[in-house]
Amino acid sequence: MSKINLTRRSVLQTGAITGAGLALPTYLSAASHSGFTNAPTGDTVTLGFNVPQTGPYADEGADELRAYKLAVDHLNGGGDGGLMNTFSSKALQGNGILGKKVEFVTGDTQTKSDAARASARSMIEKDGAVMITGGSSSGVAVAVQALCQEAGIIFMAGLTHSNDTTGKDKKANGFRHFFNSYMSGAALAPILADNYGKDRKAYHLTADYNWGYTTEEAVRTSTEAMGWETVAAVKTPLTQTDFSSYIAPVLQSGADVLVLNHYGGNMVNSLTNAVQFGLREKQVNGKNFEIIVPLYSRLMAKGAGANVKGIFGSANWHWSLQDEGSKAFVKSFGTKYGFPPSQAAHTTYVQTLLYADAVERAGSFNPCAVGEALSDFQFDGMGNGPTLYRGADHQCFKDVLVVKGKENPTSEFDLLEIVEITPTSQVTYDASIFGGELGACNPGA
Amino acid sequence: MFGLEYKDSRMLILVAILVALAPFMLNPFPEGSGMAQFNAGYPDLMQRFVIFGIFAIGFNILFGLTGYLSFGHAAFLGVGSYAAMWMMKLLTMNVVPGIIFSVLVAGVFSLAVGWISLRRSGIYFSILTLAFAQMSYSLAYSVLTPITGGETGLQPKVTDPRILDGSLAEGTIAKANFFGLEMGSSFELQLGSWLFTFNAGYYLAAVVMLIAFYISIRIFRSPFGLMLRAVKSNQQRLNYTGLNTKPYTLAAFVISGMYAGLAGGLMVAMDTQVGAERMFWTASGEVVLMTILGGVGTLIGPVLGASAIKYMENILSKINSDILHQWFAFLPDGLEEFVITLIYPFIGKGWHLTLGLIFMAVVIFLPGGLVEGGQRIANLFKRKMPGKDARDNKS
């Protein structure tokens, strides 16, 4: 095999070009002169809406996106203004944010941390987004929150229910309006005791991943505190679609309550299996057998159909709430899209408005200023009653709904009824119980 | 050059120039213009181009040379990522130890998987590797949560030990660096309305990719590579001549596993986060698509395929209906709606559909992948110079 060496000249040329290419990045970035990443310079400001458009939570993602578009519309002075009319803070004028017209970019998280981060990074690096919001699972929310902390961008979490988001993995640049597993447990326990008694034996089926663990833990602790006994807690693979083999042992265990720590398609399938096995007609220990679903959503209730009737769970918000804020939101969402919003839509809409309001009050898009404006911010009129954005962990504290599958639904949206509105005081916990470090806010460049 | 034939060194230099100038070439449209949507010259995507390029180059060493179709390569990528992340958490945020360790761990893991899977060939081999990858995914997602972080994955924390690094200044977070040069730092060059970003992490990954590419050329041209090709063309005949092919296929498997580990380590170095989905079977399938789309068994093909797929995933998926409305605003209303209805299924969340169509078109019309497309175009021009052709044929 003959080997022909290149000429000295061409090797030198290539070397020079490569060398120049390599030397360039050693000049450190001095792109932003305003002291924080992606400071809006023109007369517009870009927000990044990062939601699952494909994958298991695509339904939630689509509803979130509708809510974001509605929020942008209202911020720019379009539509009927929605919750801006009922919001206790009156900083928003309907002329964009700080007079800048709100524009947005969208991305698909695919419910995968990697894809979500890629999409968020392209929003930050390419589109110049100054705030990222969205996410329909805790894994994605935690991943994107960490990215935003690193990049110096505010992250307003969407649908994420795991304790970790504002617990173990909390970040100074991340904020969550949605409630969490702990609150679900604390809100559900007293209702369960009232309805089913204090000497119950519970059997947990738990989705085998992070959110499942924290939810099981929360429900267990709060039910055991009022006298229930946990017979067994079995983990089920996330990809499981047929739960029959997990339901059968429940009958032999002597348990009289089944807790399904499942979400989305998992919950639809496990609940359907449990009902098909006739669990709900059973009598164990002289009591009716009961099923509980700690985290409920309308979209899940729709999937499970008639099986949800009479089953207890918790929710962040429901469109049938009768306060001014909820009515205003249902009205403007319904006018635009023709059906009532889900709780995912509600929380993402509220998060967008809360961000815009914080920027107005702070007078700057600087993440540190915005973070300060949101910390320990108290507001009302957003559909959940008086709410506190706690500064210690950037978690919202507000009333939690305990809901029940409706016995006689009147429409395909009217599937859940509100049993009780658990007051904030009952679901508040100490910020330090989950560990984690908030750290300092990072304005980026 | 470097013991390469003229043709190969020409290609290596061409690739080197392409990656060095990528920030210019990928940003052909000025900032703020309607076409800026199609710019790909931002750090994250450029990093992904070269990292998935490495992944596909490594995969091609196994699939392109031996013909063994592994459906579990994402597992090695994931294992490499976790290894690098732990090095960064425990040892130092300097990316070098992490990247080296990720290659080693992926090598050991692929040795174990290859040892078992290579007892079978053809579809049985593919299924075995697929099973291993899915096992790794499930383990990482739930059982091994203490090590892998489960669903929420792993990220550097302020409280990590990092025994080689000094303690962090108050209020700062640990950032991946290369001897002090932060991976996220970039130099921005404004030329008129064009903005070009030169990112430190990208150039580190690009240098690693060039080394990986060079090693792959050497393997392709070596007697070892020839033996692997022999395995592909007729393994039975090789066995009949008394040769044991297992050491060769196993070596190829481990090498390509190490390439995957290297890609995984680099991914963590560029973006300090690792999650279990990285090992999901669709990720294994993606690298197969990349290799086939670019051209199986060619040197440059896998890199082209990887870039094409990552481009579509990141650029097409971000076009939404509002952007379409902006583009076609000049059309009369009815026509605008009609055009948008026609295009809408292929953009945004429909990017998979576009990818599928292109993949089908490539497989049907260009079985040799994008490389074959390039060759056909080159041949069109060559025919005009019969003299040169004749001379080439003689040599």
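**Exercise 1. Determine whether helix 8 of chain A is largely enclosed or not, and identify what covers its buried residues.**

Solution. In helix 8 of chain A, 9 of the 12 residues are buried, so this helix is largely enclosed by the rest of the structure. The model is a predicted one. A residue is called buried when 20 or more other C-beta atoms lie within 10 Å of its own. The residues of helix 8 that meet this criterion are N266(A), M267(A), V268(A), N269(A), S270(A), L271(A), N273(A), A274(A) and V275(A). Their cover includes strand 6 (201-207), helix 7 (244-252), strand 8 (257-261), strand 11 (290-295) and helix 9 (298-304) of chain A. As to length, helix 8 spans residues 265-276 and reaches 16 Å from its first C-alpha to its last, close to the 16 Å expected at 1.5 Å a residue. Just after the helix, G278(A) adopts a positive phi of about 75°.

**Exercise 2. Classify the mutual orientation of helix 11 and helix 12 of chain B, and describe their contact.**

Solution. Begin with the geometry: the axes of helix 11 (residues 281-294) and helix 12 (residues 301-315) of chain B come within 7 Å and cross at roughly 120°. Angles of 65 to 115 degrees count as roughly perpendicular and those over 145 as roughly antiparallel; helix 11 and helix 12 of chain B are therefore oblique to each other. The crossing is right-handed. Next, consider the residues. Helix 11 of chain B contributes E286(B), L289(B), M290(B), T291(B), L293(B) and G294(B), which meet G301(B), P302(B), V303(B), L304(B), G305(B), A306(B), A308(B) and I309(B) of helix 12. By class, this contact comprises 9 nonpolar, 4 polar and 1 charged residues.

**Exercise 3. Describe the packing of helix 5 against helix 6 in chain A, and state the classes of the residues in contact.**

Solution. Helix 5 (residues 181-196) and helix 6 (residues 210-225) of chain A pack at an angle of about 35°, and their axes are 8 Å apart. Helix 5 of chain A passes helix 6 of chain A in a right-handed crossing. On the side of helix 5, the contact is formed by S181(A), Y182(A), S184(A), G185(A), A186(A), L188(A), A189(A) and L192(A); on the side of helix 6, by T214(A), T215(A), A218(A), V219(A), T221(A), S222(A) and T223(A). The contact holds 7 nonpolar and 8 polar residues, with no charged residues.

**Exercise 4. Establish the exposure class and the contacts of K404(A) and of E407(A).**

Solution. K404(A) is located in strand 16 (residues 400-405) of chain A. It has 19 C-beta neighbours inside 10 Å and therefore counts as partly exposed. Leaving out residues up to four places away in sequence, K404(A) touches G310(A), I311(A), F312(A), L416(A), E417(A) and V419(A). E407(A) lies in the loop between strand 16 and strand 17 (416-422) of chain A. With 9 other C-beta atoms within 10 Å, E407(A) is exposed. Beyond its neighbours within four places in sequence, E407(A) is in contact with K309(A) and G310(A). Across 100 residues of chain, the C-alpha atoms of E407(A) and N307(A) are separated by 9.9 Å.

**Exercise 5. Characterise the side of chain B that touches chain A.**

Solution. The contact joins 48 residues of chain B to 53 residues of chain A. Elements of chain B that each supply at least two residues include helix 3 (43-66), helix 6 (122-143) and helix 8 (200-221). Helix 1 of chain B gives the most, with 6 residues. The residues on this side of chain B divide into 17 nonpolar, 20 polar and 11 charged.

Note on methods. Residues numbered from 1 in each chain as written. Chains lettered and ligands numbered in written order. Predicted model: local features only at pLDDT ≥ 70, side-chain atom pairs only at ≥ 80, totals over all residues. Contact = placed C-beta atoms within 7 Å. Helix = DSSP H or I, 4+ residues; strand = E, 2+ residues; numbered from the N terminus. Nonpolar A, V, L, I, M, F, W, Y, C, P; charged D, E, K, R; others polar. Expected span 1.5 Å × (residues − 1). Axes fitted to C-alpha atoms, helices over the stretch in contact; angles between N-to-C directions. Parallel < 35°, antiparallel > 145°, perpendicular 65-115°, else oblique. Left-handed = near helix turned anticlockwise from the far one by under 90°.
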